[in-house]
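Visitor: Hi! I've got a structure to look through and would love some company. Could you walk me through it?
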Amino acid sequence: MKLTINGESHEYHEQLTVTQLLSRLKLRPDQVVVELNRSILAPETHNNTELKTGDVIELVQFVGGG
Amino acid sequence: MQIYLNEKQLHVDQHCTLYELRNTQQKNADLLIINGQPIEYDQPLHPGDRVIMLQRGRHPSPEELERLLAARHTPEVQQKIKQGKVGIAGAGGLGSHVAIALVRVGIGQLTIVDFDVVEPSNLNRQQYFIDQIGKPKVMALKENLQRINPACRINIFNQKIGPENIKGLFGEIDILVEAFDAADQKAMLTNYFLANFPDKFLVAASGLAGYEPSNTIQTSRVSDRFYLCGDGVSAAEPGRGLMAPRVGIAAHHQANTVLQLLINQTAE
């Protein structure tokens, strides 16, 4: 499965949900914003959203401080 | 000849002196400035001189302030800024700086929400004063903003922001500035706002702690309506505290992005 994540091409050999992808990338699910094919993905849907080849994903991991 | 009096163009006789101008235009003025220099004796004026006449202790009216801003920023630009309605979620290091920058440029309306009070440890980077310690931040900030430009409409709400009240608080604004401290709160607000307000812009910040190089702080456009300012990685943590200069740089990236959006409907 080919995914474009933050503008870069990535290849995965198995099916992944968004939650599994975040875990692969060691991102904290409560601190990220996920945009899938230009739409914001509600956090409660990460777990049952299956990614498919060609998906374009923008990931923002926030860090603390303000 | 043409001169400028208090930023307004004025035709005067070519032999007109400073004191003659004062006597006809602003008798009570006790501070006279020509081209940036305070002047304490009468002298002839020259074409193009920029004369400022002030009366010490007298506050300029909202109309005068607006005219001064329009003269500085050009009337077309000022009109757009004045129509802007901006929300600020969080009145800490980011939010207090963003609010001050936007009020200085003459924003029409700000809606500021925070539930904290001013603590001594905030003074290392937040725009509050010693005598405001213990006050709710939104009240202290409103006081400070009104001392800068009383013509701006400042709505304040002393409460915690969550999915249950975001629509009520920020339903009427054009652009929201995310100015929280905690990473999960930043993500919560961004997720909720972008999903629920398809016509509004969000300007968030992430990565601004410490004293790493200034130039690693950048503004990026994550998607059509979502801008992010910061270096993306410098979290506040033990050994890397939040400090005024870098927090201020990120906050002013946010404020400038808001300004671009108000004027051009896009930012870079």
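Guide: Happy to. Along the sequence, chain A runs β-β-α-β-β-β, with helices (H or I, at least four residues) and strands (E, at least two) being DSSP runs numbered from the N terminus. This is a predicted model, where local features need pLDDT of at least 70 and side-chain atom pairs count only at pLDDT 80 or more, while totals for chains, interfaces and linings use all residues. Residues are numbered from 1 along each chain as its sequence is written, with chains lettered from A and ligands numbered from 1 in the order in which they are written.

Visitor: How many helices and strands are there in chain A?
Guide: Chain A has 1 helix and 5 strands.

Visitor: And how much of chain A is buried?
Guide: Of its 66 residues, 20% are buried, meaning 20 or more other C-beta atoms, placed from the backbone, lie within 10 Å of the residue's own.

Visitor: What does the C-alpha trace of chain A span?
Guide: About 40 × 25 × 20 Å along its principal axes.

Visitor: Switching topic, how many residues does each chain bring to the contact?
Guide: Chain B brings 29 residues and chain A 16, a contact being C-beta atoms, placed from the backbone, within 7 Å.

Visitor: Which element of chain B gives the most to that side?
Guide: Helix 7, with 8 residues.

Visitor: How do the residues on that side of chain B divide?
Guide: Into 17 nonpolar, 9 polar and 3 charged. Here Ala, Val, Leu, Ile, Met, Phe, Trp, Tyr, Cys and Pro count as nonpolar, Asp, Glu, Lys and Arg as charged, and the others, Gly among them, as polar.

Key: A residue is buried if 20 or more other C-beta atoms lie within 10 Å of its own, exposed if 12 or fewer, and partly exposed in between; C-beta atoms are placed from the backbone. Two residues are in contact if their C-beta atoms, placed from the backbone, lie within 7 Å.
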